[in-house]
Number of protein chains: 2
Amino acid sequence: MKHIAESTVRRLSLYLRFLEQSRREGKDTISSGDLAGLGGTTSAQVRKDLSFFGSFGTRGLGYSVSALSRRIREILGLEREWRVVIIGAGKIGAALAQYRGFADRGYRIVGIYDVAPARIGVSLDGITVRDQKELEGDAARLKPEIALLAVPPTAAQTLVERAAKAGIRGILNFAPAQIHAPAGVEVRHVDMALELEILSYALTNARKK
Amino acid sequence: MKHIAESTVRRLSLYLRFLEQSRREGKDTISSGDLAGLGGTTSAQVRKDLSFFGSFGTRGLGYSVSALSRRIREILGLEREWRVVIIGAGKIGAALAQYRGFADRGYRIVGIYDVAPARIGVSLDGITVRDQKELEGDAARLKPEIALLAVPPTAAQTLVERAAKAGIRGILNFAPAQIHAPAGVEVRHVDMALELEILSYALTNARKK
DNA sequence: GTGGGCTTGTGAATGATTTCACAAGTTACA
DNA sequence: TGTAACTTGTGAAATCATTCACAAGCCCAC
């Protein structure tokens, strides 16, 4: 398959939300224009995005809400369950553990790890926090595929390496740190401070837009 | 000033981190190549990004770490303090309240709001959670400029409007919901579920890269 | 089954961003 | 002072992403 732009994948994920919302509202079909209206984009953009993966619509009618939902879930890899561990049981890790949005989409939290003795043994959302030294040992049993990394920036790199050794192939990093991942491990960043800085840039330079 | 791409602003924010790290390591000057190595980019990219705002370097030598830091802070609007309220005192709101990364950069939390009676009156990181109905009334006293919105998706739109009435000009939205902002209000999204979906897309389609 | 009204899918055009490549400026040092 | 080694700043070229525009296809009503 040709390489797909990240911006396209991101929009696909949004379209899926709108499709699920439309399904709840009882709609059977939806046009590219409707989908575009819900997100902040254009109908041409929607059709182009979908066209990279095939043609799912019916001319004159639009897209079947259920068929397109299913197809996008398939594209995004959401038709299977993903086994996720949380590394770092501080405030952010704890918030992630109970975040409904993950479970709803087939991301199953199978383990939570920390360093601090005070946190080890505590139960978060039904899962007992374990020492992060156990991560590699637990891997055979838990088979984690994705890690949510919520540790202080200085600890991030070490834990990426430990996660990789435990067989983890994808890391969503919440630490404000640049990390270097071993080959074959995909890393994405959720960087709240950085987003806030982009926001303050926008506010500071608002007039010139 | 010409319009600056978001990707450029995002990298600027990263460069600032690397500059601060370099300062801690005692470096006085840094070259575009060094900066590029720390982020995942190229020296030409670094120089091009900076060139939109002026020329800060010295040929043959590179950039002064302290002067460039100061200049980037200025561009991003970080030379002043920003007054921030958190809307939603659930797990995510609570995690945001104590997140060090914000305070370090001059974002001062001046208020926290929620709907749930059980949460109102509780103190989070030294700030008492108040009823979100008070947001507009408190505005004259607190003068909030930015809101961190951490409420359930269904409540997000209503609170955006309330925040706008309280004079807030920038919103960082953590709810997985598309929201429509009044004119003059800037909205950015931090969407963890969406990032996780992009990650599972990457893992599902890893071979074809 | 025919026509009108919609909507898709997609090449081509445009616009935006990144990379290239190199002249020009600076330092270090003999 | 002269030269070697670096590094910036920046047009031009290349690449990547979005928008345009329209032929082709389908539904529905009659």
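1. Terms and basis. A residue is near a molecule or strand if one of its heavy atoms lies within 4 Å of it. This is a predicted model, in which local features need pLDDT of at least 70 and side-chain atom pairs count only at pLDDT 80 or more, while totals for chains, interfaces and linings use all residues. Residues are numbered from 1 along each chain as its sequence is written, chains are lettered from A and ligands numbered from 1 in the order in which they are written, and side-chain values use heavy atoms, with hydrogens and water left out.

2. DNA strand D, surroundings. Of the strand D atoms within 4 Å of the protein, 62% belong to sugar or phosphate. The rest belong to bases. The strand is surrounded by 24 residues. The closest are Arg59(A), Ser32(B), Arg47(B), Ser55(B) and Arg59(B). By class, the surface near DNA strand D has five nonpolar, 12 polar and seven charged residues. For these classes, Ala, Val, Leu, Ile, Met, Phe, Trp, Tyr, Cys and Pro count as nonpolar, Asp, Glu, Lys and Arg as charged, and the others, Gly among them, as polar.

3. DNA strand D, polar contacts. A polar contact is a pair of N or O atoms within 3.5 Å; within protein, one must be able to donate a hydrogen and the other to accept it, and residues adjacent in sequence count only if both atoms are side-chain atoms. A side-chain N or O atom of Arg59(A) is 2.9 Å from a base nitrogen of strand D. Arg59(B) also uses its side chain, with an N or O atom 2.8 Å from a sugar or linking oxygen of strand D. Gly60(B) places a polar backbone atom 3.1 Å from a sugar or linking oxygen of this strand. Two or more residues of the surface near strand D come from each of α1 (6-24) and α3 of chain A and α3 of chain B. α3(A) gives the most, with four residues. Helices (H or I, at least four residues) and strands (E, at least two) are DSSP runs, numbered from the N terminus.

4. DNA strand C, surroundings. Here 25 residues surround the strand. Ser32(A), Arg47(A), Arg59(A), Tyr63(A) and Arg59(B) are the closest. Sugar or phosphate accounts for 62% of the strand C atoms within 4 Å of the protein, and bases for the rest. The surface near DNA strand C has five nonpolar, 13 polar and seven charged residues.

5. DNA strand C, polar contacts. Lys48(A) has a side-chain N or O atom 3.5 Å from a base nitrogen of strand C. A backbone N or O atom of Gly60(A) is 3.0 Å from a sugar or linking oxygen. Gln45(B) reaches a phosphate oxygen of strand C, with a polar side-chain atom 3.4 Å away. Three helices each supply at least two residues of the nearby surface: α3 (43-51) of chain A, and α1 (6-24) and α3 (43-51) of chain B. The largest share, four residues, comes from α3(B).

6. Chain A overall. Chain A has nine helices and nine strands. Its C-alpha atoms fill a box of roughly 60 × 45 × 35 Å along the principal axes. Of its 209 residues, 51% are buried. Buried means under 20% relative accessible area, exposed over 50%, and partly exposed in between (1.4 Å probe, protein chains only).

7. The protein interface. In contact across it are 61 residues of chain B and 62 residues of chain A. Contact means heavy atoms within 4.5 Å. The two chains bury about 5600 Å² between them, 66% of it on carbon and sulfur atoms. Buried area is the accessible area (1.4 Å probe) that two parts lose on being put together, summed over both. In chain B, Glu197(B), Tyr201(B) and Leu203(B) lose the most area to chain A, together 13% of what that side buries.

8. Ser200(A). This residue lies in helix α9 (residues 192-204) of chain A. Ser200(A) counts as buried because its relative accessibility is 0%. Its side chain makes a polar contact of 3.0 Å with the side chain of Tyr107(B). Not counting residues up to four places away in sequence, Ser200(A) touches Leu76(B), Gly77(B), Leu78(B), Trp82(B) and Tyr107(B).

9. Val122(A). Val122(A) sits in the loop between β4 (107-114) and β5 (123-124) of chain A. With a relative accessible area of 39%, Val122(A) is partly exposed. Leaving aside neighbours within four places in sequence, Val122(A) is in contact with Ile127(A), Thr128(A) and Val129(A).
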